[in-house]
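Please load the model in a viewer and keep the selection panel at hand. The tour proceeds by selection, and each stop states what is found there.

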Amino acid sequence: MSKNPCAIIGIGQTQHKSRRWDVSLGGLVREAASRALEDARLTWADVDAVVLGKAPDLFEGVMKPELYLTDALGAAGKPMFRVHTAGSVGGTTGIVAAHLVETGIHRTVLAVAYQKQSEGNAQFALGSGKGASLGAGGAFAPYMRSYIHRTGAPLDVGPMVAVKDRQNALKNPYAHLKLADISLEKVKASQMMWDPIRYLESCPSSDGACAVVLTDEAGGLAAAADGRPPAWVLASAVRSEPSSFPGRDAVWSAGAADCAADVYRQAGITRPREQIDCAELYVPFSWYEPMWLEAHHIVGHGEGWKLTERGDTALGGAFPVNMSGGVLSTNPIGASGLLRFAEAALQVRGMAGEHQVDGARVALAQAYGASAQYFSMWLVGSSPDPFA
């Protein structure tokens with residue numbers, strides 16, 4: 001299927017705090033959307049359709065929030081689409097919005113993803129309303145432990161990821177969790193939650209929203225001519241697989257690998273580590289950084305932890321990962337994937353502020369969800385053909 005060019009010309013985030021009792025759920029999403037429209041220099045009237053994403057309705061106890069939030073998002077009388085793919089939903093929301101532009105169905109689309117965890121019970125929701133839920137950390141811990149066993153990775157690698165991402169978060173005004181005194185020793189001394197994950201190697205629980213304005217080629221070129229560089233969607237893909245089947249490898253998932261291979265094929269990427277300048281990966285628990293580097297073909301199996309240990313994934317390293325502080329520093333679950341996608345777009349727009357990677361032209365963004373079974377990825381560039 002041929003695709004029309006799609007450009008990201010507006011990005012908005014809320015001020016992520018641990019509890020946003022000062023704003024309603026509708027106010028939370030409108031705050032992000034208003035900032036995205038302001039960045040794009042558009043009004044609500046310019047939006048042709050809205051795509052809304054969030055994690056399960058159980059998280060806040062508001063059923064069909066897309067109906068409740070129609071007015072808050074300027075979608076009265078316009079198409080409103082709801083997306084849900086567990087923790088990967090934010091990324092999938094951005095991709096659905098991009099498809100609406102790439103297929104020519106709509107010219108300008110507003111994508112919004114959010115979570116307001118102060119008004120719900122994430123542990124209850126993750127357990128599907130049942131007691132004694134292990135939570136996401138308990139579900140993923142065996143996969144991380146298996147990764148360590150298979151690769152022989154030193155046990156300090158996880159804490160190193162936690163320190164790096166928390167240090168990056170200090171440069172991001174929208175990061176929720178900011179620990180100025182973070183250190184390897186402090187991480188290793190924190191309480192063990194789910195072996196091998198300690199308290200300071202796990203993600204926080206946040207309230208927040210992210211919004212992205214996507215438009216067609218004409219809109220992207222107009223923004224560029226006005227001195228507002230867009231990010232161009234070079235490729236996108238989603239994959240899913242059952243949570244359990246004979247032979248399933250939850251460390252190097254086939255779904256994750258296929259998702260990445262599809263994105264690289266679309267963009268003409270044959271050497272990901274060389275051709276991609278930086279990545280925003282969905283890392284809610286520290287060991288997932290090296291795991292995703294391997295599962296997405298950036299390095300070979302058993303090589304991901306070596307990049308972290310060498311400092312290659314640091315902000316000034318050879319392959320920066322989670323320059324914004326990532327999910328380890330900000331985690332409104334339904335918005336976390338779109339935050340990764342938006343932060344990648346900020347990098348190629350040259351608008352990431354203190355956590356900008358110098359000269360970033362191509363950036364990868366990834367999200368995953370459920371029992372590491374839903375995957376979404378996109379690749380964005382500073383031009384429609386950055387490899388020309």
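The stops below cover an annotated region, the nonpolar cores, aromatic pairs and salt bridges.

**Annotated region.** The model is a predicted one. Begin by selecting residues 249-373, where an unreviewed UniProt entry places the feature "domain: Thiolase C-terminal". Over this range the chain is 40% helix and 9% strand, and the C-alpha atoms at its ends are 11 Å apart.

**Nonpolar cores.** Next, select Ile8, Leu214, Tyr288 and Trp378, the residues with the most contacts inside the largest nonpolar core, which has 117 residues. Helix α13 (residues 333-349) supplies the largest share of this core, 10 residues. Colour domain 1 (7-121 + 205-225) and domain 2 (134-203 + 236-328 + 345-381) separately: both give residues to the core, so it lies between them. A second, separate core has 6 residues, among them Ala162, Leu179, Ile182 and Leu200.

**Aromatic pairs.** The model contains 12 aromatic pairs. Select Tyr147 and Trp287, a tilted pair at 6.3 Å centre to centre with 55° between the planes. Tyr147 belongs to helix α5 (residues 135-151), whereas Trp287 sits in the loop between β9 (278-280) and α11 (288-295), 140 residues apart. Both residues are buried.

Then move to Trp292 and Tyr368, an edge-to-face pair at 4.8 Å centre to centre, with 65° between the planes. This pair connects helix α11 to strand β10 (residues 362-369) across 76 residues of chain, and both partners are buried. Extend the selection to the cluster that ring pairs form, which includes Phe140, Tyr143, Trp194 and Phe375 as well as Trp292 and Tyr368.

**Salt bridges.** There are 23 salt bridges in the model. Select Arg41 and Asp226, whose closest N and O atoms are 2.8 Å apart. Arg41 lies in the loop between α1 (25-40) and β2 (49-53), and Asp226 in the loop between α8 (217-225) and β8 (231-240), 185 residues apart. Add Arg228 to display the salt-bridge network that it forms with Arg41 and Asp226.

Are Arg41 and Glu60 buried or exposed? Arg41 is exposed, at a relative accessible area of 55%, and its partner Asp226 is partly exposed at 40%. Glu60, by contrast, is buried at 9%. Glu60 forms a salt bridge with Lys54, with the closest N and O atoms 2.8 Å apart, and Lys54 is buried at 0% relative accessibility.

Finish at Glu241 and Arg248, a salt bridge with its closest N and O atoms 2.9 Å apart. Glu241 is buried, with a relative accessible area of 9%, and Arg248 counts as buried at 16%.

Notes:
Residues are numbered from 1 along each chain as its sequence is written. This is a predicted model: local features need pLDDT of at least 70, side-chain atom pairs count only at pLDDT 80 or more; totals for chains, interfaces and linings use all residues. Side-chain values use heavy atoms; hydrogens and water are left out. UniProt positions are given in the numbering used here, feature names are shortened, and annotations may be inferred rather than shown by experiment. Helices (H or I, at least four residues) and strands (E, at least two) are DSSP runs, numbered from the N terminus. A nonpolar core is a set of buried Ala, Val, Leu, Ile, Met, Phe, Trp, Tyr and Cys residues joined through side-chain atoms within 4.5 Å. Buried means under 20% relative accessible area, exposed over 50%, partly exposed in between (1.4 Å probe, protein chains only). Domain bounds come from an automatic or database domain assignment. Rings of Phe, Tyr and Trp (its six-membered ring) pair if their centres lie within 6.5 Å; planes under 30 degrees apart count as stacked, over 60 as edge-to-face and the rest as tilted. A salt bridge is a side-chain nitrogen of Lys or Arg within 4 Å of a carboxyl oxygen of Asp or Glu.
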